[in-house]
Amino acid sequence: MTPYEEAARYLVRHGLRLATAESCTAGLIAARVADVPGCGQGLRCAVVAYAPEIKENVLRVPHETIRRHGLTSEAVSLAMAHGVLDMTDANLAIANTGTADGRADDGTPAGTQCFAWVFRCGPGKTVEFAETRRFSGERNEVREAAAEFALARIAHYHAQCQRALEAR
């Protein structure tokens, strides 16, 4: 079973409804879930927010967050995840932002990706996680690796989310 199939089946098995807010991966995270037959119930929507204006106007990422932390930052990915979660009935949002090729205007090295996983745990309650990784390879190799990584971490963070809920 591929990592994509494992992640897609995990979503269904655990009643997770995924919404993505994707910049660098441009919808690949959601597409990989959709590639797995029978996993449609685990996918709610995908927002491709490549441009900063879309991050701000559609996902409601505060301009100040972008200005203070830069587009390639965990703060922006978390804001993107919260934005897509707020517009859906999903109980898991995954977001990523980064640079696949070339150095970004702010000096961020090529291949740098910032991710967020935000779980909705009840009315007004969320548990959030963020990571930054750097992948090597050509542009589309970085994008594919980022999508695979984002999905591969679902089970890990879902387990942490469950432990956090039990500790409350």
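Two strands are taken to pair if DSSP finds at least two bridges between them. With that in mind, a good place to enter this predicted model is its sheet, in which five strands lie in the order E2-E1-E3-E4-E5. The sheet is open, and its pairing is mixed. Strands E2 (43–48) and E5 (125–134) stand at the edges; each has a single partner strand, so one side of each is left without a neighbour in the sheet. On average, neighbouring strands are turned by 15° against each other, direction ignored.

Both kinds of pairing can be followed strand by strand. Strands of a sheet pair through backbone hydrogen bonds, either parallel or antiparallel. Strand E1 (residues 18–22) pairs with E2 in the parallel sense, over five bridges. Within this pairing, Glu22 has Val48 of E2 as its bridge partner. E4 and E5, in turn, pair in the antiparallel sense over 10 bridges, and here Phe119 stands opposite Val127 in E5. The hairpin of E4 and E5 has two residues between the strands, and Gly124 takes a positive phi near 70° in this hairpin.

Aromatic side chains offer another way into the structure. A search of the whole structure finds eight aromatic pairs. One of them joins Trp117 and Tyr157, whose rings are tilted, with 4.7 Å from centre to centre and 40° between the planes. Because Trp117 lies in strand E4 (residues 112–122) and Tyr157 in helix H7 (residues 154–167), the pair ties together parts that are 40 residues apart in sequence. Trp117 has a relative accessible area of 0% and is therefore buried. Tyr157 also counts as buried, because its relative accessibility is 6%, where the cut-off is under 20%.

A further pair is formed by Phe119 and Phe129, this time edge-to-face, with 6.2 Å centre to centre and 80° between the planes. Phe119 belongs to strand E4 and Phe129 to strand E5, so this pair ties together parts that are 10 residues apart in sequence. Both of these phenylalanines are buried. The residues of the two pairs come together in one aromatic cluster, made up of Phe115, Trp117, Phe119, Phe129, Phe135, Phe149 and Tyr157. A ring also takes part in an arrangement of another kind: the charged end of Arg32 sits over the ring of Tyr4, 5.7 Å from its centre.

Helices H5 and H6 complete the tour. Ser77 is found in helix H5 (residues 74–86) and counts as buried because its relative accessibility is 0%. Leaving aside residues up to four places away in sequence, Ser77 touches Ala95, Thr97, Cys114, Phe115 and Ala116. Phe115, one of these contacts, is also a member of the aromatic cluster.

Helix H6 (residues 139–152) holds Glu141. At 1.5 Å a residue, the 14 residues of H6 should span 20 Å, and the end C-alpha atoms are indeed 20 Å apart, which agrees. The buried residues of H6 are Val142, Arg143, Ala146, Ala147, Phe149, Ala150 and Leu151; among them, Phe149 belongs to the aromatic cluster as well. Glu141, by contrast, has a relative accessible area of 47% and is therefore partly exposed. The C-alpha atom of Glu141 is separated by 20 Å from that of Ser73, a residue 68 residues apart from Glu141 along the chain.

Key: Residues numbered from 1 in each chain as written. Heavy atoms only, no water. Helix = DSSP H or I, 4+ residues; strand = E, 2+ residues; numbered from the N terminus. Buried < 20%, exposed > 50% of the residue type's maximum accessible area, 1.4 Å probe, protein only. Contact = heavy atoms within 4.5 Å. Expected span 1.5 Å × (residues − 1). Axes fitted to C-alpha atoms, helices over the stretch in contact; angles between N-to-C directions. Phe/Tyr/Trp six-rings, centres within 6.5 Å; stacked < 30°, edge-to-face > 60°. Lys NZ or Arg CZ within 6 Å of the ring centre and 35° of its normal.
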